[in-house]
Structure formats: structure tokens, C-alpha cells
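Trainee: Please pick one stretch of this model and go through it closely. Then work outward from there to the charged pairs, the cysteines and the ligand.

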Amino acid sequence: MAEQADRARRESYLQAMQVDVWLARDRHAPGLPDSTADAGPAAPAARPSHGARSAHGGEREFASLEALGAAVADCHLCALADGRTQTVFGTGDPGARCMIIGEAPGAEEDRRGEPFVGRAGQLLNAMLRAIGLTREGVYIANIVKCRPPKNRDPKPEEMVACAPYLRCQIALVQPRVIVAVGRVAAQHLVGSTVPIGRMRGQSYVYENAEEGTRIPLVVTYHPAYLLRSPLEKRKAWQDLKRVRELLEACE
Ligand code: URA
């Protein structure tokens, strides 16, 4: 009964994503791994069950996301600071098992100070719900915390300047799975120039040697791209199922 309700809920979200709901293979063989995915990356370091966490962001150590967010709000390490209304740090559950990483705030995010709040954000919310997650239950951040002018891609030097903040954010949240949405985030996190169409479907691991963490990383299309290319939602659904499998594996 609960399984039926769960299926109905998932199907209604898939419809919200405008993905056709005739995923027979998934329904009849729920444990079947994706043919596109490798056997699976190494397990991430275990999350400590108690105690204060701290992480290095550049030269400073931050004991909390609040402290890190305050430092980000004061940041002038790159030219993007000059054009921002405010920094867009991150949102969601500070102890989330799943962390979503996009590229940079857009106009709406810059105005509201929260990542993924425009149309792309609404699709992202539907994508999350399709695998039983909520916006509030994951942690959402971007590679850079300030809006690039005219929504251009962040420049390499801007991403490098912001990287310690994201590294620190990941170390504080300690997610079990990271989802890189879009080419810019995926290439930056993986350190690759491979086109996103060839990155998705592969298994990656986000590593932070200093913190001793190895976190499975799933690459998928950016929701803004999916809004322009709805036929690709089917592939994004494959990626989301991989996220769900990884989360289930670490339950
Ligand atoms: N696109 C992103 O990559 N991040 C946002 O926060 C909004 C749109």
C-alpha cells in the first residue's frame, strides 16, 4: 500500500518534470543498476555522529556554515563582488545527505540571496521530488557565490577564488552524494574539459585530501538546459535514479 502511494507520488512528480511515465524496466526490476553507470565509487568517509565540525576555507578555519556564510558575505576576492546585490551562499539542510551544486547565481538569485529560485529552480525542485527528496532536505550551493554580469559563465579565476568557500561548505555539510548540475559545475568539480553529454552516466568521486573525504559525485544536466531541451529530461531521470541508488546504498 505504502509502496503504491510512493509510486503514485513519484509518477506525479515525473509528470511535473514532463518525463513520460512508462518506466517499466525500473518498476519490474527495482534493484537493477543503470547500464550507463559504473559499479560505484568508493564509500565516503563516515559522518561523525556528534561534535562540532570545522573546515578550512583558504587560510581560515570555519566551525559553522553561519561563520563561513558571513565570511563569504564580506568577500572581495574577485571582481564579481563589484556587481552583486548580495552573495548567494547556499540553502537547505546543513546536515543533508545530498548536496546539489550549480554554477552561479542568476538575476533572481542575486535579488533574493538564495540559489535556484527562478524557473530552473522550480524544475530542480521537481527533479528532487521525483526521487523523494525536497529542497529543504538537501543542501544547494553554487561554484561561485556572486552573480556574473549578464549571466555569463563564471571565469576560471572567479571559480578558483571561490573554490575554498565551496570546499569548506562541502566539508561542513558532509554530504553522502554530490550532484553537479550543468557543464560548468561538473567540469570544475571533476577537473575536466569533457563535454557534459559524455560526463553524465559516469561515476566520479569528489576528493578532499586535507579532510580525508571521498564523496560520490553524479553529473547531470542543468535544469535551465532541460527547460530549453525537454527531450533530455529522460537522460536526467537516469542520473537522478543513480543519485537515489547511491543515497539508498548509504542508508
Ligand atoms: N543556475 C545556477 O547554476 N545556480 C543558481 O543558483 C541559479 C541558476
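**Helix 5 and beyond**

Mentor: Start with helix 5, residues 107-112, where Arg 111 and Glu 108 sit 3 residues apart, about one turn of the helix. Keep in mind that this is a predicted model. The two side chains form a salt bridge, with N and O 3.0 Å apart. How exposed is each partner? Arg 111 has a relative accessible area of 53%, so it counts as exposed. Glu 108 is at 28%, so it is partly exposed.

Now set that pair against others. The structure has 10 salt bridges in total. One of them joins Lys 235 to Glu 232, again with 3.0 Å between the closest N and O atoms. Here Lys 235 is partly exposed, at 34% relative accessibility. Glu 232 is buried, at 16%.

Another bridge links Arg 242 and Glu 245, and its closest N and O atoms lie 3.2 Å apart. Both residues belong to helix 11, residues 233-249, and because they are 3 residues apart there, about one helical turn separates them. Arg 242 has only 12% relative accessibility, so it is buried. Back in the first region, salt bridges with shared partners tie Glu 108, Arg 111 and Arg 112 into one network.

Follow the chain past helix 5. Glu 114 lies in the loop that runs from helix 5 to helix 6, residues 119-130. Its relative accessible area is 26%, so Glu 114 is partly exposed. What does Glu 114 approach in space, 26 residues away in sequence? The partner is Ile 140, with 9.0 Å from C-alpha to C-alpha.

Next, the ligand. Which residues surround it? They are Gly 102, Glu 103, Ala 104, Glu 109, Pro 115, Phe 116, Asn 142 and His 222. By type, this shell divides into 3 nonpolar, 3 polar and 2 charged residues.

Take the polar contacts one at a time. Glu 103 uses its backbone: a polar atom there is 2.8 Å from an oxygen of the ligand. Asn 142 uses its side chain, with a polar atom 2.8 Å from a ligand nitrogen. His 222 also offers a polar side-chain atom, 2.9 Å from an oxygen of the ligand. How much of the ligand's own accessible area does the protein cover? On its own the ligand has 240 Å², and the protein covers 91% of that.

Finish with the cysteines. How many disulfides are there? The count is 0. Look at Cys 98 for the reason. The closest cysteine sulfur to that of Cys 98 belongs to Cys 250 and is 9.6 Å away, so the two are too far apart for a bond. A disulfide would need the two sulfur atoms within 2.5 Å. Cys 98 is buried as well, with a relative accessible area of 2%. Cys 162 is in no disulfide either. The nearest cysteine sulfur to Cys 162 is that of Cys 75, at 6.2 Å. Cys 162 has a relative accessible area of 10%, so it is buried too.

To recap the starting point: Arg 111 and Glu 108 share helix 5, their side chains meet in a salt bridge, and Arg 112 joins them in one network.

Definitions and conventions
Residues numbered from 1 in each chain as written. Predicted model: local features only at pLDDT ≥ 70, side-chain atom pairs only at ≥ 80, totals over all residues. Heavy atoms only, no water. Salt bridge = Lys/Arg side-chain N within 4 Å of Asp/Glu carboxyl O. Helix = DSSP H or I, 4+ residues; strand = E, 2+ residues; numbered from the N terminus. Buried < 20%, exposed > 50% of the residue type's maximum accessible area, 1.4 Å probe, protein only. Near = heavy atom within 4 Å. Polar contact = N/O pair within 3.5 Å; in protein donor to acceptor, adjacent residues only side chain to side chain. Areas by Shrake-Rupley, 256 points an atom, 1.4 Å probe, with all protein chains shown as cover. Nonpolar A, V, L, I, M, F, W, Y, C, P; charged D, E, K, R; others polar.
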